[in-house]
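Reader: Please take me closely through one part of this model, the pairing of its strands. Then show me what surrounds it.

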Number of protein chains: 2
Amino acid sequence: MKQEVSAEIITIGDELLYGQVVDTNSAWMGEELGKIGIKVKQITSISDSPDAIEEALDIAKTRAQVILMTGGLGPTKDDLTKHTLTKYFKTHLQLHQPSLDNVVAIFKKYNRPLTVTNQQQAYLPATCTPILNTLGTAPGMLFEENEHIIVSMPGVPFEMKGMMTNDILPYLQAHFQLPEINHKVIQTIGLGESFLADTISDWEDNLPTNLKLAYLPNLSGVRLRLTGVYNGIDDLEDQMMREVGKLSDLIPEYIFGYGEISLEETVGMLLNGRNYTISTAESCTGGLIGHKLTSVPGSSMYYKGGIIAYDNYVKINELGVEQDILDKYGAVSGEVVRQMAEGVRRKMGTDVGIATSGIAGPGGGTPDKPVGTIWIAYSDATQTIAKKLNYNKSRLLNIEYTALQALNLIRQSLPGPVEE
Amino acid sequence: MKQEVSAEIITIGDELLYGQVVDTNSAWMGEELGKIGIKVKQITSISDSPDAIEEALDIAKTRAQVILMTGGLGPTKDDLTKHTLTKYFKTHLQLHQPSLDNVVAIFKKYNRPLTVTNQQQAYLPATCTPILNTLGTAPGMLFEENEHIIVSMPGVPFEMKGMMTNDILPYLQAHFQLPEINHKVIQTIGLGESFLADTISDWEDNLPTNLKLAYLPNLSGVRLRLTGVYNGIDDLEDQMMREVGKLSDLIPEYIFGYGEISLEETVGMLLNGRNYTISTAESCTGGLIGHKLTSVPGSSMYYKGGIIAYDNYVKINELGVEQDILDKYGAVSGEVVRQMAEGVRRKMGTDVGIATSGIAGPGGGTPDKPVGTIWIAYSDATQTIAKKLNYNKSRLLNIEYTALQALNLIRQSLPGPVEE
């Protein structure tokens with residue numbers, strides 16, 4: 001018998017209320033809980049105060065079976081949450097030896113003297129199940145009270161994530177009879193959210209009722225997430241892969257990957273699959289394409305280097321752009337980016353060259369070429385392709401979008417197909 | 001008579017609970033409210049449902065005088081929040097002509113046909129004060145009920161920010177007798193949060209009781225924010241400037257700016273002030289320093305270009321690094337980054353050259369030079385300085401920190417002082 005289980009998240013800390021820290025923990029927890037079939041009903045951020053914690057707990061219990069709390073466990077805050085929970089559950093603190101061993105080991109590793117304050121972090125409410133924190137000194141605590149599961153974790157994101165992944169999520173899956181859930185992520189670029197929705201609306205409208213689609217737009221495009229809940233009849237994985245297949249046939253040119261993969265990783269795989277090398281000639285993007293390409297581990301296999309040709313002098317002297325072409329068409333032109341892409345490819349001896357030149361703003365625009373006028377070019381042994389872009393964003397966004405469009409141009413222009 | 005006014009923020013939307021969107025609105029509102037002297041007591045994120053909205057409002061009114069809500073006002077969600085509030089305040093909808101004119105103007109600007117759904121957005125609860133949305137189609141609503149002020153705004157961050165800045169914050173300041181508050185931001189780099197706190201603890205402990213310090217660590221260092229509340233006696237601005245002066249004398253070498261300024265903007269100002277130009281020679285940072293420098297508007301005044309020398313072949317051919325130096329010391333060495341910084345300076349004809357070479361990881365480490373071993377160098381006409389860094393982070397963080405340290409090395413090494 002499957003259960004509907006709902007959760008509430010309580011994040012503790014004045015720094016959240018004063019806007020010193022953006023609460024990113026809740027969104028991460030909400031997504032992870034959703035993946036195992038638990039729905040978050042409310043997220044509450046409260047002050048570092050026992051009254052606020054007790055009140056939030058009382059109200060949360062009326063709405064949710066699972067209550068996940070983060071924050072207020074650090075040594076400098078005097079373990080406020082821990083003492084409040086000890087009182088709330090009418091219990092007392094006792095030493096948890098594995099947590100003490102953990103604190104001792106961490107201090108030993110960093111060669112620091114163990115303080116009394118940190119030792120006290122290993123004293124936990126007697127009625128809780130301690131959750132070991134292998135990434136920090138504050139242990140987590142799990143309480144079972146009638147039909148409620150109440151968990152307290154540190155607010156440091158990577159410590160919380162470690163506990164959730166290793167302990168809390170598996171515990172919740174074992175404790176409840178949750179529905180079988182599956183997710184498929186399809187990464188797209190090149191169509192805005194509403195155009196994408198229009199293009200795939202027939203497919204989306206005809207999805208089996210146990211499959212739902214979410215549009216998750218980000219800078220580089222729209223992530224599509226298909227979520228399936230087992231309907232008791234069809235094999236869920238088969239059912240979902242069939243729908244992903246249909247979607248892929250519908251918009252093949254806009255899909256750059258499946259699962260959590262970035263555009264720069266896709267480009268890296270495409271280059272590696274062809275044994276190709278690449279170099280960059282960047283004007284308006286100022287090095288961002290190089291940075292994106294080299295953010296991928298192992299990129300030295302295919303990325304050789306680049307010229308940041310911000311000044312026209314550099315375009316001429318380093319990339320071989322011709323002075324008369326510059327004079328005739330201007331630095332922001334198809335002619336110049338073609339010469340830049342070809343020039344860097346020749347100079348660095350790579351199979352592919354990519355180039356950008358544009359007016360990122362806020363200054364530098366003219367009636368002919370307003371801010372946001374940008375040219376990009378791709379060059380390999382058989383072809384050179386130039387493309388004009390027009391953006392109407394802030395300087396930083398114009399730069400960011402141009403770099404992404406340049407990566408996408410590589411993806412679209414590489415000769416293929418190659419077995420990947 | 002000054003009043004203690006407290007606020008509660010309610011953000012509405014299933015996308016927040018499922019983790020599809022991180023709630024950044026609340027932190028921004030919390031910070032802005034703090035600046036005018038209003039304290040946020042709780043942030044609550046709830047589902048797109050009338051019951052959840054009514055329940056959240058009822059509870060919030062027991063805790064706060066000001067309740068700010070965002071979300072649930074878009075046309076696709078059938079103005080859920082608006083209808084719920086109309087019922088909650090026992091009123092009815094009526095046309096607000098300025099809001100209709102605004103919707104009509106927006107559709108005209110984008111040359112789109114005006115839909116009935118969008119026209120309906122101009123119908124607002126009769127008892128509210130409408131807030132014009134010049135940046136979108138959904139107006140805001142302000143309700144006064146006994147001692148409570150309840151405001152509903154769209155969830156789109158820039159629309160919400162526009163309303164807050166133009167209408168809501170001024171309204172709250174006029175409506176309440178808020179204490180006079182002032183803020184000073186001091187930007188530091190080079191000392192971690194706890195070391196910084198130790199270094200300035202005497203100063204901090206001796207601050208007048210009406211001034212408080214907040215540590216706001218981010219990737220590039222620690223932002224210090226001094227908040228002052230008028231004590232009824234001293235001139236607040238004078239009092240705060242005196243303390244900022246003392247702090248500046250205490251840690252001059254770690255302060256790179258005052259107010260909301262970035263490290264790359266500071267470097268740009270220092271270069272401009274000296275009429276200096278700069279070029280970059282990047283290996284492990286792969287273009288990130290160039291990207292940071294050129295993210296500043298007007299950077300073409302001082303940034304000429306760079307070489308991304310990822311492959312050793314590029315270090316030799318483009319930057320004039322000597323083969324025997326490379327063989328003897330390896331690409332990640334003080335000797336090689338010195339030659340890179342000097343080489344790019346010569347090649348690009350700039351006053352300053354900056355260079356990086358290191359092992360960003362996760363692969364490529366050796367017992368001698370583990371992952372995170374990085375060299376950076378600064379070169380100008382009178383000196384070349386190389387510096388070794390050791391990081392123990394992920395690839396992306398190793399790259400990010402290296403770029404920031406390189407910018408900081410420029411700041412520290414430029415000959416000075418120059419009138420800025």
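**Strand pairing, close up**

Author: Start in β2(B), where S45(B) is the bridge partner of T11(B). This is a predicted model, so local features need pLDDT of at least 70 and side-chain atom pairs count only at pLDDT 80 or more, while totals for chains, interfaces and linings use all residues. Residues are numbered from 1 along each chain as its sequence is written, chains are lettered from A and ligands numbered from 1 in written order, and side-chain values use heavy atoms, with hydrogens and water left out.

S45(B) has a bridge partner in the other chain too: I43(A). Take the two pairings in turn. Strand β1 (residues 5–12) of chain B runs parallel to β2(B), joined to it by eight bridges. Strand β2 (residues 38–46) of chain A pairs with β2(B) in the antiparallel sense, over five bridges. Strands count as paired if DSSP finds at least two bridges between them. Strands (E, at least two residues) and helices (H or I, at least four) are DSSP runs, numbered from the N terminus. Strand β2 (residues 38–46) of chain B is largely enclosed by the rest of the structure, because seven of its nine residues are buried. Buried means under 20% relative accessible area, exposed over 50%, and partly exposed in between (1.4 Å probe, protein chains only).

Now the two chains. A turn of 180° and a shift of 0.3 Å along the axis lay chain B on chain A with an RMSD of 0.3 Å. The copies are thus related as by a two-fold rotation axis. Superposition is by least squares on the C-alpha atoms of residues with pLDDT of at least 70 in both. The copies meet through the same surface, because 100% of the interface residues of chain B are also interface residues in chain A.

Another sheet crosses between the chains. It is open, has ten strands with mixed pairing, and runs β17(A)-β16(A)-β15(A)-β13(A)-β14(A)-β14(B)-β13(B)-β15(B)-β16(B)-β17(B). At its edges stand β17 (384–390) of chain A and β17 (384–390) of chain B, each paired on one side only. Neighbouring strands are turned by 15° against each other on average, direction ignored. In chain B, strand β15 (residues 352–358) and strand β16 (residues 373–379) run antiparallel and share six bridges. One partnership there joins T356(B) to I376(B) in β16(B).

Helices of chain B cover this sheet. Helix α15 (residues 334–348) packs on it and touches β13 (278–282), β14 (303–308), β15, β16 and β17 of chain B; its direction makes about 145° with that of β15(B). Helix α16(B) lies across β13, β15, β16 and β17 of chain B, at about 30° to β16(B). Axes are lines fitted to C-alpha atoms, for helices over the stretch in contact, and angles run from 0 to 180 degrees between N-to-C directions.

Next, the cores. A nonpolar core is a set of buried Ala, Val, Leu, Ile, Met, Phe, Trp, Tyr and Cys residues joined through side-chain atoms within 4.5 Å. The largest has 65 residues; I278(A), I410(A), I278(B) and I410(B) touch the most other members. Helix α16 (residues 395–413) of chain B gives the largest share of this core, eight residues. Leaving out residues up to four places away in sequence, I410(B) touches V267(B), I278(B), I354(B) and Y378(B). Contact means heavy atoms within 4.5 Å. A second, separate core of 33 residues includes A309(A), A355(A), A281(B) and V337(B).

One loop residue of chain A deserves a look. T350(A) lies between α15 (334–348) and β15 (352–358) of chain A. At 6% relative accessibility, T350(A) counts as buried. A polar atom of its side chain lies 2.9 Å from the backbone oxygen of V352(A). Beyond its neighbours within four places in sequence, T350(A) contacts T277(A), I278(A), S279(A), K304(A), V344(A) and R345(A).

Chain A holds an open sheet of four strands with antiparallel pairing, in the order β10-β11-β9-β12. Edge strands β10 (211–218) and β12 (255–258) of chain A have a single partner strand each, so one side of each is left without a neighbour in the sheet. The twist averages 25° from one strand to the next. Strand β9 (residues 181–188) of chain A runs antiparallel to β12(A) over three bridges. I186(A) stands opposite Y258(A) in β12(A). Helix α10 (residues 236–250) of chain A lies across β9, β10, β11 (221–229) and β12 of chain A, at about 15° to β9(A).

Finally, the whole chain. Chain A has 16 helices and 17 strands. Of its 420 residues, 55% count as buried.

Definitions and conventions:
Polar contact = N/O pair within 3.5 Å; in protein donor to acceptor, adjacent residues only side chain to side chain.
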